[in-house]
Structures are given as structure tokens and as C-alpha cells.
Amino acid sequence: MTRSGPHRSRPPHPIPEIGGAAGLRLDGLAKQALETGRNRLVFAGALFALTFLVVGLRLIDVALFKEGHEPTLVRAPAAESLRMERADIVDRNGVVLATNLVTASLYAHPGKVLGAEEAAAALARALPELNQAEVRARLGSARAFVWLKRNLTPRQQYAVNRLGIPGLYFRREEKRFYPHGRLASHLVGFTDIDNVGLAGVERYFDDALRGASGPLRLSLDVRVQHILREELMRAVGEFQAVGAAGIVMNARTGEMLAMVSLPDFDPNRPALARDDARFNRAALGVYEMGSTFKIFTTAMALESGVVTLNDGYDATDPIRVARFVIRDFKPQRRWLSVPEIFFYSSNIGAAKMALAVGGAGQRAFLDRLGLLRAAPLELTEVGVPMVPSPWREISTMTIAYGHGLAVTPAQMAAAIAAVVNGGIAYPPTLVRHHDGDGPAGERVLSARTSEQMRRLLRLNVVKGTGRKAAVPGYLVGGKTGTAEKIVGRRYRRGVRLSSFVAAFPINEPRYVVVVLLDEPKGNESTHGYATGGWVAAPVVARAIARMAPLVGVEPINEDTPEIREAMLVNIKPRGRELASF
Amino acid sequence: MIRGITVLWFGLVVGLGAGLFQVKHEVQLLEQDLQRLNRAILADQEAIHVLQAEWTYLNRPERLARLSRRHLELAPLTAVQIITIDDLPLRLDTVISEATNPTAAGGATRTVHGVGP
């Protein structure tokens with residue numbers, strides 16, 4: 001054993017000498033390791049330096065260049081606002097027509113109910129409308145969830161809680177509620193127990209109502225609706241009518257302020273309603289309107305230029321066409337001028353006027369007024385008019401006085417509005433326009449013809465068949481209509497549809513009122529008559545008298561020279577000038 | 001010297017920790033408060049919703065008309081009852097002077113709108 005150094009003893013195993021060939025190789029390896037190590041250190045150091053630099057820069061940025069203080073506005077988690085399953089429906093003034101109320105629905109976990117027999121008996125005592133046997137059967141079932149009763153009132157919920165039966169639970173549910181009940185039942189519609197819209201606006205806007213948080217604002221005015229409904233109900237009772245329909249429409253925008261159909265139903269209990277009561281006569285029912293169509297015939301003839309207010313037709317004899325005879329209700333048996341045809345409501349004169357225009361022209365004109373296609377109302381129940389096909393000459397003649405073409409009262413209202421408002425047709429709507437952004441409307445009549453029609457309508461209320469529709473101060477203009485109804489395949493005498501269409505104030509019409517009574521019977525107060533002038537016109541008069549102050553129509557003095565001048569119609573019977581109104 | 005600095009730092013750390021804990025605790029309390037308030041707001045909104053429905057139900061035009069007939073002596077407004085501001089005499093003294101001076105009595109006896117046989 002040799003000692004190589006004084007300090008420590010060598011290990012027993014030989015180690016390679018430094019400097020040898022093997023040593024050189026090792027030296028290279030160590031150097032490489034050192035190199036790698038240093039590189040890694042430098043890299044890590046650089047990384048840290050960079051990070052510190054970023055942090056430092058950010059510090060400077062935050063401290064010097066950003067606002068140095070705490071944010072002044074603390075954003076608290078906002079209180080979530082109340083969201084119901086289904087948005088409210090409100091009228092044009094924000095009065096609630098349909099809303100969701102929170103209710104509790106009772107369900108049971110039958111496995112956890114001890115003593116189904118006693119529980120059923122106790123429940124039947126607390127909720128008398130439950131059937132004890134049925135509850136017993138449900139509580140005995142093997143399922144984990146059975147409904148016992150949906151939509152309990154708070155009082156009922158309390159009663160059930162007081163029983164203290166284990167295994168009964170409540171689920172928070174929402175129930176559609178219509179505070180106004182029958183008032184606008186056809187228009188608003190109703191929903192099923194799961195709040196799916198089944199009729200009316202509820203159905204048309206079903207998806208929108210489910211997604212929206214804000215209420216749906218209809219064009220309806222609850223006050224006007226109430227007035228019209230009350231007056232119609234009174235007339236239905238007085239004249240023993242089987243039904244009635246009424247519409248109040250803004251003549252300048254097409255918005256419906258009221259739409260009534262009688263009989264009606266309670267949308268809170270739609271299951272109890274008869275089919276007849278659910279039927280919307282104002283928008284779904286199509287009727288042959290009778291003489292009110294002479295408004296369109298006259299407007300068409302004046303517009304096309306085939307007649308002027310000074311012209312007229314011979315109405316001495318009834319017209320015989322094929323197997324039909326067209327005769328007048330109150331025959332004058334002489335030549336009649338256009339204003340006379342209008343206010344004596346001469347079928348013969350109207351038929352001749354329509355023939356002078358021709359079938360194609362008549363069809364095009366009625367189509368422009370929207371009378372040949374379904375009204376674009378926001379309802380799923382909208383009646384499609386019954387249009388004759390082919391459109392024969394006899395159709396032209398009968399449609400001239402409102403037979404042979406059946407339309408809905410809603411279409412009628414929109415068409416009348418177009419005739420009186422200066423000649424612009426607005427699509428009828430049930431949704432309130434925001435101020436000034438209604439649809440532009442379409443010109444269907446010249447302003448001059450519209451002005452002449454307003455005079456004729458006023459004349460008819462002052463001197464003609466519509467006298468009972470007059471309301472002092474509100475300058476009503478209108479036209480009566482009495483149509484015989486088709487029963488089976490024939491027109492039946494005495495089974496009538498009596499109507500009145502009006503606009504007020506007629507010098508600058510703001511509202512159109514359409515009233516229709518289905519099968520009214522005359523009584524002593526009407527001397528047995530059940531015509532539009534006797535039964536429907538008074539309804540219009542009373543409704544207008546009550547609603548005009550509410551909707552802000554200013555009364556005017558009808559006797560001022562300006563108004564008389566504006567409403568003047570010269571009636572020139574052939575050869576001599578007799579009267580002017 | 002070093003001991004002094006260490007003690008200072010130590011005190012600082014403990015103080016900050018305690019302060020932080022205090023602030024955090026207060027924030028927690030405030031958040032609970034906020035949650036409670038939000039729940040209360042929601043409950044109030046629900047109550048308002050129900051009350052609105054009830055208000056509408058009680059204000060049905062048909063019910064108001066019934067109550068008005070029973071308790072008030074009001075009748076529907078007629079056109080005769082509405083006049084414009086132009087229909088009013090301008091000043092009382094002119095009316096009096098016109099009344100005392102019969103030759104100029106034209107303005108004082110204006111008829112109200114719409115009245116007539």
C-alpha cells in the first residue's frame with residue numbers, strides 16, 4: 001500500500017488519475033455539466049428578472065398612472081328583479097288585463113305518507129272539493145310523486161299545513177289571473193293550467209309572453225271596452241238578441257280601443273264556457289253586413305268618377321236578374337240622386353251604381369279596403385271573408401248593398417276608417433303603437449271622396465235612417481245596416497243582423513264605432529222594428545256619449561255656420577232643387 | 001439592531017393580519033346583509049305584483065260603476081257640461097260694467113255650447 005498524501009487515506013479502490021485519457025473525458029463531461037447548469041441559471045435568472053420587471057412596471061403603472069385610490073363605484077351583485085313565467089298583458093293605459101300570481105300546488109310522496117286512509121279523510125275535510133276516494137287511491141300508489149291539487153289559495157295552503165300530515169309538499173307555481181274577468185275575454189284569451197296560451201292574444205303572442213319581462217301593451221282601453229260591452233249587453237237584453245259584436249277603432253291609426261263579443265265567458269274558468277260564448281263574433285264571425293256596404297259602393301262610384309253627388313238613378317221599379325228580385329225596403333218609386341240613394345238606403349240605386357263601376361272595379365276597390373282578405377289582427381281566431389267565386393254580375397249587384405259577401409266586423413271597422421279618415425287604410429291592430437310610429441298606411445281613396453262620404457254619413461244621421469245615433473255635441477255620422485240571415489240555404493224573413501257603423505266627430509273623424517246585433521227582435525219601444533236604425537243606432541249613440549269625454553274628444557257646436565257649411569249636401573231631385581241639408 | 005427590525009416586522013405582520021381579518025369579517029357581514037336585503041326586495045316585488053292584481057280587480061269599471069251608483073250622485077258627462085276657455089267671460093269687471101250698461105250686454109249672455117232644442 002502506498003500513501004499518496006498525508007491528509008487522508010486513499011479508499012481501497014483505485015480511482016482514475018486526473019490527467020490520464022480517462023481523466024480528460026471526465027473533465028469534458030464535468031465542464032459540460034457546469035455549462036448546462038450555468039445556462040439554466042442564467043435562463044431562470046433572466047425569467048425572474050423579467051417577471052420582476054413586469055411586476056415593477058405594473059406597480060409603477062398602478063401607482064402613478066392609474067387612479068391611486070380605491071374604485072369609488074362598488075359593484076354590488078344586483079338584486080335580481082322579479083321574473084314571472086309569463087309576462088303581463090296590459091291595456092293602453094297600463095291597466096292589468098292578465099297577470100301571473102304565485103300559488104302553491106299540493107303534491108305527495110305516497111311512500112312517506114303514514115296511513116293513507118286517515119290522510120285522505122283529513123285532506124277531504126280541509127279541501128272539500130277533493131274526492132276522498134280518489135285521493136286515497138293516489139296516496140296508495142307506488143309512485144314517488146302524485147299531484148293532489150294544483151294552485152291552492154293561501155287559505156287552503158294554511159288549512160293543509162295545519163293538518164300536519166307527513167309526506168305532503170307544496171310546489172311554488174304560477175297561475176294566470178284575469179282581474180277583469182269577462183270584460184275582454186275574447187281578445188285577451190286564456191291559458192291552460194300549465195300557462196300555455198290557448199286563445200286570443202295569449203295564444204298569438206305565446207312565445208313572446210313567455211320570454212318577455214316587460215308587459216305586452218295592447219291598444220285596448222278598458223274604460224271604452226266596458227262602456228261598449230255594457231251598452232251592448234243592455235241592447236241584447238232589450239231586444240232578445242242571440243249575440244252581439246262591437247268595435248271601437250282609432251280612425252287615424254287602426255288601433256282597436258274596444259272589441260266586444262257577446263255572449264262572453266270568464267277566462268279564469270274557460271272550461272265552463274259554451275262554444276257559442278267562446279266564439280269571437282267581432283273578429284272571427286263573418287256576416288253579410290247589409291246596407292252599411294252602401295258606404296263602399298257610394299265611395300267607389302264617386303271615386304271612379306262614374307257619378308257625382310248631383311247624379312242619380314231611377315229607382316222606380318225593382319230590378320229582376322235571373323231568379324232574383326232586388327227591391328227597396330222603403331220604396332220611393334222615383335228617380336233618386338246619389339245622396340238620396342244613400343239615406344233612403346235604396347238597394348236598387350246601389351246595385352245600379354255598382355253596375356256602372358263594374359265587377360272588376362268593385363272587386364279591386366273592396367280588396368284595397370281589406371274586405372276580401374282576413375284582417376291582420378294579432379289573434380289566431382281571425383275570420384276569412386266569404387268571397388263569391390266566380391264574381392258574377394249578380395254578385396256585383398248584391399254586394400253593392402251588402403249581400404253575397406260576408407266579412408268580419410273588424411274588417412268593416414278598418415274599411416270604414418279608411419273611407420272617413422281622408423282615404424288612408426291602416427291595418428287594424430290590437431297592439432298599441434308607440435307614439436307616432438304606427439305603420440304609414442296606404443291611400444285607397446282621394447281626400448275629396450272621403451270628404452264627400454263624411455257629408456253623406458252626417459246627412460244620414462241628421463235626416464236619414466241613422467237619426468237615433470245622433471249625440472249632441474259629438475257630430476256623429478253613420479249608416480245603418482239590416483241584413484237577413486241565411487238560415488240553412490235561404491234568407492229568412494225576420495231573422496236579422498242589425499248593425500250600425502259610425503264615425504265621430506265626422507268633420508275630423510277620430511274614432512270609428514261598429515255595432516252589430518245578431519237576431520234582435522223588435523219590441524214596443526221600437527214599434528216592432530228590429531232594424532239597424534232602431535236597435536243598433538241607439539247603442540252607438542249611448543256608447544259615444546259616454547266614451548267621448550273619456551277619450552278626449554272635444555264637443556263642438558253643431559249649429560255654427562262653419563260646421564253647417566262643412567257638412568252641407570245639396571240634394572238635387574231631377575229637374576228641381578228641393579232641399580239642402 | 002437586527003432584533004429591533006425583526007420585532008418591528010413581526011408586529012407589522014401581526015397587525016396587518018388582524019386588520020385584514022377584521023375587514024374580511026366586516027365584508028362578510030355586509031354581504032349577508034345585502035343578500036338579506038335582496039331577498040326582501042324580491043319578496044316585496046312579489047307582494048307588489050299581487051297587490052297590483054288586487055288593485056286592478058278592485059278597480060274593475062263594472063265595480064266602480066256599481067259603487068258610484070250606490071254612493072255618489074254622479075251621472076255621465078254630457079257635451080253640454082264641457083265648454084272651452086273662450087266661452088268664459090274674460091274679467092269680472094267687464095261683466096259688471098256690461099251688466100250695468102245694457103247697450104253693451106252682448107258678451108255677458110253667451111250661450112253654452114251645444115244647448116238648444
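Two residues are in contact if their C-beta atoms, placed from the backbone, lie within 7 Å. This model is predicted, and local features are given only where pLDDT is at least 70, side-chain atom pairs count only at pLDDT 80 or more, and totals for chains, interfaces and linings use all residues. Residues are numbered from 1 along each chain as its sequence is written, while chains are lettered from A and ligands numbered from 1 in the order in which they are written. Helices (H or I, at least four residues) and strands (E, at least two) are DSSP runs, numbered from the N terminus.

Start with helix α16 of chain A, residues 447–462. The expected span of a helix is 1.5 Å times one less than its number of residues. For the 16 residues of α16(A) this gives 22 Å, which agrees with the 23 Å between its end C-alpha atoms. A residue is buried if 20 or more other C-beta atoms lie within 10 Å of its own, exposed if 12 or fewer, and partly exposed in between. In α16(A), 12 of the 16 residues are buried, so the helix is largely enclosed by the rest of the structure. Among them are T449(A), M453(A), R454(A), R455(A) and L459(A). The cover over the buried residues of α16(A) includes α10, α11 (338–343), α15 (409–420), β16 (477–487) and β17 (490–504) of chain A.

One of these covering elements, α10(A), also packs against another helix. Two packed helices are described by the angle between their axes and the distance between the axes. Axes are lines fitted to C-alpha atoms, for helices over the stretch in contact, and angles run from 0 to 180 degrees between N-to-C directions. The axes of α10(A), residues 294–304, and α12(A), residues 347–357, come within 9 Å and cross at roughly 40 degrees. That makes the two helices oblique (under 35 degrees counts as roughly parallel, over 145 as roughly antiparallel, 65 to 115 as roughly perpendicular, and the rest as oblique). The residues that make the contact include T297(A) and A301(A) of α10(A), and A350(A) and M353(A) of α12(A). Nonpolar residues are Ala, Val, Leu, Ile, Met, Phe, Trp, Tyr, Cys and Pro; charged ones are Asp, Glu, Lys and Arg; the others, Gly among them, are polar. By these classes the contact of α10(A) with α12(A) has 7 nonpolar, 3 polar and 1 charged.

Helix α12(A) also packs with α14(A), residues 393–400, at an angle of about 130 degrees, with the axes 7 Å apart. That makes α12(A) oblique to α14(A). A350(A) and M353(A) are among the residues of α12(A) that meet α14(A). This contact has 8 nonpolar, 1 polar and no charged residues.

Elsewhere in chain A, α2 (116–126) and α4 (154–163) have axes that come within 10 Å and cross at roughly 150 degrees. The two helices are therefore roughly antiparallel to each other. A122(A), L123(A) and A126(A) of α2(A) meet A159(A), V160(A) and L163(A) of α4(A). The residues of this contact are 6 nonpolar, no polar and no charged.

Finally, turn to the second chain. In all, 25 residues of chain A are in contact with 23 residues of chain B. On the side of chain A, β2(A) gives the most, with 4 residues. That side has 15 nonpolar, 6 polar and 4 charged residues. In chain B, T56(B) lies in helix α1, residues 2–58. T56(B) counts as buried because it has 22 C-beta neighbours inside 10 Å. Leaving out residues up to four places away in sequence, T56(B) touches V95(A), V96(A) and P179(A).
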